[in-house]
Amino acid sequence: MTPTAITHVRYVALGVRDLAAQVEFYKDVWGLSPRESDTGLQYFGAPATQDPHILRLRASEFDRVDLISFAVPSAKHVDSLAAKLRGSGVRLISEPGTSAAPGGGYEFRFFDHEGRTIEIKSDVENVSAVELQERDWHPGKLSHVVVNSPDIEAAARWYGEHLGLQVSDRLADRMIFLRGDNNVHHTMAFAVAPHVSLNHVAYESRGIDEYLRASGRLIRSGLPCVWGPGRHGPGDNTFAYFSDQSGFVAEYTTALQVVDNWETWKPRVHPVTPEWSDQWGTANIRDPEPFVGRPDPGVHDAPPV
Ligand SMILES: [Fe+2]
């Protein structure tokens with residue numbers, strides 16, 4: 001297994017039945033910054049990232065995941081990853097080429113082994129990132145994405161062999177955390193479910209105070225917190241999960257564990273205990289249903305844009 005060149009999740013794209021409601025949610029409730037829009041498409045950025053967008057919403061007949069886009073450092077990485085995947089019989093949806101999306105870039109797309117559309121992208125036009133001010137509750141950037149799979153061991157193996165994402169930890173036999181070429185505990189994770197679907201997308205707050213302000217702001221507005229606020233054992237990050245207008249789960253998080261030396265890191269198998277699911281003991285009882293979601297109708301069906 002070769003170490004990954006994937007540095008982070010660049011953006012997540014969702015197809016949604018009620019685009020207007022979702023645009024309003026992510027702008028006015030969740031706190032992302034609307035960027036470019038086009039007929040049936042809306043992009044969102046955030047202040048503390050150079051990525052031109054971290055979320056794309058598209059009007060769709062079904063609520064579905066359109067794609068997950070991973071960042072690599074250069075066009076060379078895009079080309080070599082495309083060649084490697086093609087060579088292993090992976091079905092490419094599009095060959096490496098210039099992106100028509102705002103911010104441009106060089107990208108290709110493929111189906112993973114379970115039919116998710118994955119994009120690999122380099123050379124976007126970076127926007128200027130600013131440091132969030134103290135007490136600013138707005139999410140600063142995308143943190144990580146967790147997806148559901150009936151076979152998380154096979155999924156972690158596939159992502160290791162094909163994309164070089166490596167296991168950083170496990171939560172019993174329920175979750176596998178994967179790291180990219182960066183110093184954070186997880187960039188992606190797989191969670192056990194009966195079907196392929198989105199588990200949640202996590203957005204990073206400036207710090208604990210700002211994360212609590214963001215979470216409290218939503219709770220005060222009457223939006224039920226699906227699970228949280230609390231602090232996970234694995235990854236040590238804080239969590240507060242909420243359902244968006246399509247029923248997808250979004251997370252405010254901060255303080256995800258920084259690992260300075262992966263050479264000496266030993267992946268562990270964390271226990272499932274109340275004390276380790278939430279170190280603080282502040283979170284409500286977790287209802288698994290929103291996280292499991294419905295079977296994703298976007299599986300093996302690449303989005304039109
Ligand atoms: Fe998370």
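In this predicted model, helix α1, which spans residues 19-29, lies across four strands, namely β1 (8-16), β2, β3 (41-45) and β4 (55-59), and it runs at about 160° to β4. These strands belong to an open sheet of eight strands with mixed pairing, and if you trace that sheet from one side to the other you meet the order β2-β3-β4-β1-β5-β8-β7-β6. At its edges are β2 (33-38) and β6 (92-98), each of which pairs on one side only, while the twist from one strand to the next averages 20°.

Towards the β6 end of this order, helix α2, made of residues 75-87, lies across β6, β7 and β8, and runs at about 155° to β6. Strands β7 (residues 106-111) and β8 (residues 117-122) run antiparallel and are joined by six bridges, and here R109 stands opposite E119 in β8.

Further along the chain there is another sheet to follow. This open sheet holds nine strands, again with mixed pairing, in the order β14-β15-β16-β13-β9-β12-β11-β10-β17. Its edge strands are β14 (227-231) and β17 (268-270), each pairing on one side only, and the twist averages 25° from one strand to the next.

Within this sheet, strand β9 (residues 141-149) and strand β13 (residues 197-204) run antiparallel, with seven bridges between them, and V145 stands opposite V201 in β13. Helix α3, covering residues 152-163, lies across β9, β10 (166-171), β11 (175-179) and β12 (188-192), and its direction makes an angle of about 160° with β12.

Notes. Residues are numbered from 1 along each chain as its sequence is written. This is a predicted model: local features need pLDDT of at least 70, side-chain atom pairs count only at pLDDT 80 or more; totals for chains, interfaces and linings use all residues. Two strands pair if DSSP finds at least two bridges between them. Helices (H or I, at least four residues) and strands (E, at least two) are DSSP runs, numbered from the N terminus. Axes are lines fitted to C-alpha atoms, for helices over the stretch in contact, and angles run from 0 to 180 degrees between N-to-C directions. Two residues are in contact if their C-beta atoms, placed from the backbone, lie within 7 Å.
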